[in-house]
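Me: Please take a close look at one part of this model, a charged side chain and its surroundings, and then place that part within the fold as a whole.

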Amino acid sequence: MKSAVANIDGASRGNPGEASYGVLISFDGKKYILKKNLGIRTNNVAEYEGLLALLEWAKENKIEALKVFSDSKLLVEQIKGKYKVKSKNLKDLHQKALEMIKEIPKFSIYFVKREYNKEADEIANRCLDEKL
C-alpha cells in the first residue's frame, strides 16, 4: 500500500491579503514540497488550497493511505464533519476536498499545534516572501 504523511499550512498577509500555501510530504523515504502563491485570499482559503494541492498530488501518485497534519482547527474539524461550513468562500473548496478524499482508501487528518507544523508554515511564508 502506497502511503504518505503530510503537513499543510496556509498563509495570508492581511486576511484577506497576499496568500500562499506550503505542503511538506514524506513519501517513499523522500520529502516533497508543494507551494503556490494564490494572490489575494483569506487564510482559511489558503489552508483549503493547500489541502486540495496535496489531494491532487496523492491522486497523481496513487496514494492509498494519507495522513495529514494541519494547524488549522477550522479546516480539520470541517473535514471531519464536526464543524459546519458557514463561509460561502469555503463551501466549494470543502465539497471538492471531500470528493477527492473519497478516492483515498485510508485518509486521516489531525489538528496539531503551530509549533508542530513549523516546516509547512516556513514553506508557505517563504513562498510569500519570494513574491513580495
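Reply: In this predicted model, Asp121 is buried and yet has no salt bridge. The nearest side chain of opposite charge belongs to Arg114, which is 4.4 Å away, and because a salt bridge is counted only when a side-chain nitrogen of Lys or Arg lies within 4 Å of a carboxyl oxygen of Asp or Glu, the pair Asp121 and Arg114 does not qualify. Once residues up to four places away in sequence are set aside, Asp121 touches Asp9 and Arg114.

As for its setting, Asp121 has its place in helix α4, which spans residues 118–131 and lies across β1, β2 and β3, running at about 135° to β2. Helix α1, made of residues 43–60, lies across β1 (3–13), β2, β3, β4 (65–70) and β5, and its direction is at about 155° to β1.

The strands that these helices lie across belong to an open sheet of five, ordered β3-β2-β1-β4-β5, in which the pairing is mixed. At its edges are β3 (30–41) and β5 (106–111), each of which pairs on one side only, while neighbouring strands of the sheet are turned by 20° against each other on average, with direction ignored. Within this arrangement, β2 (residues 17–27) pairs with β3 in the antiparallel sense over eleven bridges, and Val23 has Leu34 in β3 as its bridge partner.

Methods. Residues numbered from 1 in each chain as written. Predicted model: local features only at pLDDT ≥ 70, side-chain atom pairs only at ≥ 80, totals over all residues. Heavy atoms only, no water. Pairing = 2+ DSSP bridges. Helix = DSSP H or I, 4+ residues; strand = E, 2+ residues; numbered from the N terminus. Axes fitted to C-alpha atoms, helices over the stretch in contact; angles between N-to-C directions. Contact = heavy atoms within 4.5 Å. Buried < 20%, exposed > 50% of the residue type's maximum accessible area, 1.4 Å probe, protein only. Lys, Arg positive; Asp, Glu negative; His and termini not counted.
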